[in-house]
Amino acid sequence: MTRLGPALTFLIFGGIGCAATGTPRATVPETAPKTAKLEASLEQALSLSSPATLYNEPTEPREALDLDGVRFVGMDNGPVPDFSVESYDGTLLKSEDLVGQEPFVVVFFATWCQVCDMKLPVLKQVFEELGPVTTIMVSVDDAETWPQVPGYLKEHDVKFPVVSALAYPRFSASYNPFQAVPLVVVVGKNGGLVDYQMGFADTHQKRLSDAIRAARSIGPLKTGAAAPPEQTRDTAIGAKQSGYDD
């Protein structure tokens, strides 16, 4: 699967964002103009890697990454993919406790991602407006930058459980097949995908607010809505890619 196309689609239509390459951002002096910092972050967004490269880090995975059997979120009209992950503080998060039971949000970020610095305040503002919703933070930081995660989240006043993408590559590939950060996945109380929001744009606060409202009130999924067995992984992602605009 060619990875440059999704990145360009994301940058043009989805706002700005960083690629989840699992490596620290380019070093830019703190005194540099904001535009220079942003350019460094965007430059990294074009340095894409395959899932095998992304997760080949000195971190022991807790699950196997078998892409042949992975369902990607939004590839069909059925419930979102199953998962069972544990946050760094020991909180166990399982799809069976959430999917079809209550709305929830999955947020992919990285401490080195300049655009995440712009995105996380939007999440905070929306949750202050609408009230909290179950949220799973997923850090794509590697072993070198992972220790910075607690301080980074404290700086942004984020108090949701945090999961390492390196520890759960199958879960991460299922919910973030484009390997982009920031990425927000909103799942309805019916277990279906409501919104898939990549990068950052001025419209995202209202869009996220609308998505969470919809997630709380959405009706049941239609019976027999799963994708046909013969649908291939590349076909599914290609079809979904065409809808990733604002």
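Colleague: In this predicted model, which residue of strand 9 stands opposite Val185?

Modeller: Val185 faces Tyr196 in strand 9, and Val186 likewise has Asp195 of strand 9 standing opposite.

Colleague: What makes strand 8 and strand 9 a pair?

Modeller: Two strands count as paired if at least two bridges are found between them; strand 8 (residues 183-187) and strand 9 pair over 5 bridges in the antiparallel sense, so the condition is met. These two strands also form a hairpin with 5 residues between them, and in its turn Gly191 has a positive phi of about 90°.

Colleague: Why is one side of strand 6 and of strand 9 left without a neighbour in the sheet?

Modeller: The sheet is open, with 5 strands in the order 6-5-4-8-9 and mixed pairing. Strand 6 (162-164) and strand 9 (193-198) stand at its edges and have a single partner strand each, so on one side each lacks a neighbour. From one strand to the next the twist averages 20°.

Colleague: Which helices pack against these strands, and at what angles do they run?

Modeller: Helix 5 (residues 114-130) lies across strand 4 (104-109), strand 5 (134-139), strand 8 and strand 9, and runs at about 160° to strand 4. Helix 8 (residues 204-217) packs on the sheet and touches strand 8 and strand 9, its direction making about 160° with that of strand 9.

Colleague: What makes the contact between Arg213 and Glu129 a salt bridge?

Modeller: The cut-off is a side-chain nitrogen of Lys or Arg within 4 Å of a carboxyl oxygen of Asp or Glu; the side chains of Arg213 and Glu129 meet at 3.0 Å, N to O, and therefore the pair qualifies. The two residues are 84 residues apart, Arg213 in helix 8 and Glu129 in helix 5, and thus link distant parts of the chain. The structure holds 8 salt bridges.

Colleague: How is the lining of the second largest pocket divided between nonpolar, polar and charged residues?

Modeller: The lining has 7 nonpolar residues, no polar ones and 4 charged ones. Among the lining residues are Leu120, Leu123, Phe127, Met137 and Lys159. Helix 5 gives the most to this lining, with 5 residues, and about 200 Å³ of space lies in the pocket.

Colleague: What makes Asp157 and the bond between Val181 and Pro182 stand out?

Modeller: Most residues other than glycine have a negative phi, and most peptide bonds are trans. Asp157, which also belongs to the lining of the second largest pocket, has a phi near 55°, a positive value in a residue other than glycine, and is found in the loop between helix 6 (149-155) and strand 6. The peptide bond joining Val181 and Pro182 is cis, with omega about -5°, and Pro182 is found in the loop between strand 7 (180-181) and strand 8.

Terms used. Residues numbered from 1 in each chain as written. Predicted model: local features only at pLDDT ≥ 70, side-chain atom pairs only at ≥ 80, totals over all residues. Heavy atoms only, no water. Helix = DSSP H or I, 4+ residues; strand = E, 2+ residues; numbered from the N terminus. Axes fitted to C-alpha atoms, helices over the stretch in contact; angles between N-to-C directions. Contact = heavy atoms within 4.5 Å. 1 Å grid on protein atoms, 1.4 Å probe; cavity = no way out; pocket = protein on both sides within 12 Å on 5 of 7 lines; lining within 4 Å. Points joined across faces, edges and corners; volume = space filled by probe spheres on them. Nonpolar A, V, L, I, M, F, W, Y, C, P; charged D, E, K, R; others polar.
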